[in-house]
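Please examine the model below with its helices in view. The paragraphs that follow proceed from an annotated segment to its neighbours and then to the charged side chains.

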Amino acid sequence: MANQSTGLTRIIKAAGYSAKGIKAAWQNEAAFRQESMTAIFAILIAFSLDVSLFEKLLLIGSVMLVVIVEILNSAIEAVVDRIGSEYHELSGRAKDMGSAAVLLTILLALLTWGMILWSHFMR
């Protein structure tokens, strides 16, 4: 059944669904908890660094992107697990691709942090 809510009611309901999703990820996904705690720590470090506002945005955005992609990966895994527990090549492929997306995002964050820190502190 389609959601008939509009305007502010729809936004409030969407925020509630989002909160439920974050809570579910926190309760059921160790990787999400680890990456979230790492992101909080990294954001605190980013705010303490003497870099430009744009560079702070890049540092914070890169670690937030890791958390976002981890939630998407967890959603893929939940859907695949809901379909069935028996092995299927496509199910394995979907989970592997989600995991690869998280890895590539982590590498992007590391590259971003490395380049910004290198340009400011290793000259």
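In this predicted model, residues 101-121 are 100% helix and 0% strand, with end C-alpha atoms 30 Å apart. The span is one of those that the UniProt record, an unreviewed entry, annotates as "transmembrane region"; the annotation covers residues 36-54, 60-80 and 101-121. Residues 60-80 are likewise 100% helix and 0% strand, and the end C-alpha atoms of that span lie 31 Å apart.

The segment 101-121 may next be placed within its helix. Helix α4 comprises residues 89-121, 33 residues in total. Because a helix is expected to advance 1.5 Å a residue, α4 should span 48 Å, and the 47 Å between its end C-alpha atoms agrees with that expectation.

Which residues of α4 are buried? They are S91, G92, G98, V102, T105, A109, T112, W113 and I116. The elements that cover these buried residues include α2 (30-48) and α3.

A view from the side of α3 adds detail. S62 is located in helix α3, which covers residues 53-83. Setting aside residues up to four places away in sequence, S62 touches A109, T112 and W113, and these three residues are among the buried residues of α4. S62 has a relative accessible area of 7%; because this value is under the 20% cut-off, the residue counts as buried. A polar atom of the S62 side chain also lies 2.8 Å from the backbone oxygen of L59.

The charged side chains offer a further view of α4. How many salt bridges does the model contain? The count comes to two. In one of them, the side chains of K95 and D81 meet with an N to O distance of 2.6 Å. Since K95 belongs to helix α4 and D81 to helix α3, this pair ties together parts that are 14 residues apart in sequence. K95 has a relative accessibility of 27% and is therefore partly exposed; D81, with a relative accessible area of 46%, is also partly exposed.

A salt bridge also joins R93 to E89, with the closest N and O atoms 2.9 Å apart. Here both residues lie in helix α4, four residues apart, or about one turn of the helix. R93 is partly exposed, its relative accessible area being 38%.

Taken together, helix α4 contributes buried residues that are covered by elements including α2 and α3, and its residue K95 is paired with D81 of α3.

Notes:
Residues numbered from 1 in each chain as written. Predicted model: local features only at pLDDT ≥ 70, side-chain atom pairs only at ≥ 80, totals over all residues. Heavy atoms only, no water. UniProt positions renumbered as here; feature names shortened; annotations may be inferred. Helix = DSSP H or I, 4+ residues; strand = E, 2+ residues; numbered from the N terminus. Buried < 20%, exposed > 50% of the residue type's maximum accessible area, 1.4 Å probe, protein only. Polar contact = N/O pair within 3.5 Å; in protein donor to acceptor, adjacent residues only side chain to side chain. Contact = heavy atoms within 4.5 Å. Expected span 1.5 Å × (residues − 1). Salt bridge = Lys/Arg side-chain N within 4 Å of Asp/Glu carboxyl O.
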